[in-house]
Amino acid sequence: VPVIGVLALQGDVREHVRALEACGARAVTVRRPVELAAVDAIVLPGGESTTMSRLLVTFELLDPLRARIADGMPTYGSCAGMILLAREVLDGRPDQEQLGGLDVVVRRNAFGRQVDSFETDLDVTGVPGDPVRAVFIRAPWVEKAGDDVEVLATVPDHTVTGADTGAAAGRPVAVRQGHVLATAFHPELTGDLRIHALFRKMLP
Ligand code: GLN
């Protein structure tokens, strides 16, 4: 059974551990470089990307994690995790560090400040059956994606968000580039295990 780490510096760690275990994986928390070295894959949870970036430096995980991702370790980032994986962040902090792995530009807190969170149904490529109920919490969207990035889901036209709906419609909110998967939403909060199962299938 492969061991999947959940980066446990900040954010909703426990929910991901539970979801991964329900998918038949072994899930462990990762806070130290030795713990990172022991996992076959990693999940970067939602939380606050600026705080997580700072803690990655403090816990001396930034460079080792960058190296593992560049080396092909299957990686899934949700919300703040997606922001950390992006090549570039719009509306980020100037000192925010990127892990890389995803050739995308994301916009932080893209859906507007009036409405912090919303839910919508998404069709996600690779997830058969009913649409995925997606929970967005101060979420980013993908503003630009490179040629090697597969867009798995976009904001549907009928979605009502804090941003003007015209600006949000069509924005990618689930993407994959080889061994790296990212969603702007939080599948760990709904009890629907299909996104975690999709990630589980990216492991050998
Ligand atoms: N707005 C947060 C950030 O910038 C992300 C929110 C989340 O992970 N739910 O990191």
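This is a short tour of the protein and its ligand, one selection at a time.

Before you start, know that this is a predicted model, in which local features need pLDDT of at least 70, side-chain atom pairs count only at pLDDT 80 or more, and totals for chains, interfaces and linings use all residues. Residues are numbered from 1 along each chain as its sequence is written, and side-chain values use heavy atoms, with hydrogens and water left out.

**Stop 1: the whole protein**

Show the cartoon. You should find 7 helices and 12 strands; these are DSSP runs, numbered from the N terminus, with helices being H or I of at least four residues and strands E of at least two. Along its principal axes the C-alpha trace spans about 45 × 40 × 30 Å. Of the 204 residues, 51% are buried, where buried means under 20% relative accessible area, exposed over 50%, and partly exposed in between (1.4 Å probe, protein chains only).

**Stop 2: the ligand**

Now select the ligand and the residues around it: Gly46, Gly47, Glu48, Ser49, Cys79, Ala80, Ile83, Arg108, Asn109, Ile137, Arg138 and His186. Each is near the ligand in the sense that one of its heavy atoms lies within 4 Å.

Zoom in on three of these residues. A polar side-chain atom of asparagine 109 is 2.7 Å from a nitrogen atom of the ligand. At glycine 47, a backbone N or O atom sits 2.9 Å from a ligand oxygen atom. Glutamate 48 places a polar side-chain atom 3.4 Å from an oxygen atom of the ligand. How much of the ligand does the protein bury? Taken alone, the ligand exposes 300 Å², and the protein buries 96% of that (areas from the Shrake-Rupley method with a 1.4 Å probe; for residues, only the protein chains shown count as cover).

**Stop 3: histidine 16**

Next, select histidine 16 in helix H1, residues 13-22. Is histidine 16 buried or exposed? Its relative accessible area is 0%, so histidine 16 is buried. Show its contacts too (heavy atoms within 4.5 Å): beyond its neighbours within four places in sequence, histidine 16 touches Val6, Val43, Pro45, Gly46, Tyr76, Ser78, Glu188 and His196. You have already met Gly46, one of the residues surrounding the ligand.

**Stop 4: arginine 54**

Finish at arginine 54, in helix H3, residues 49-58. Arginine 54 counts as partly exposed because its relative accessibility is 48%. Try drawing a distance from its C-alpha atom to that of leucine 9: the two residues are 45 apart along the chain, and these atoms are separated by 9.8 Å.

Technical notes:
A polar contact is a pair of N or O atoms within 3.5 Å; within protein, one must be able to donate a hydrogen and the other to accept it, and residues adjacent in sequence count only if both atoms are side-chain atoms.
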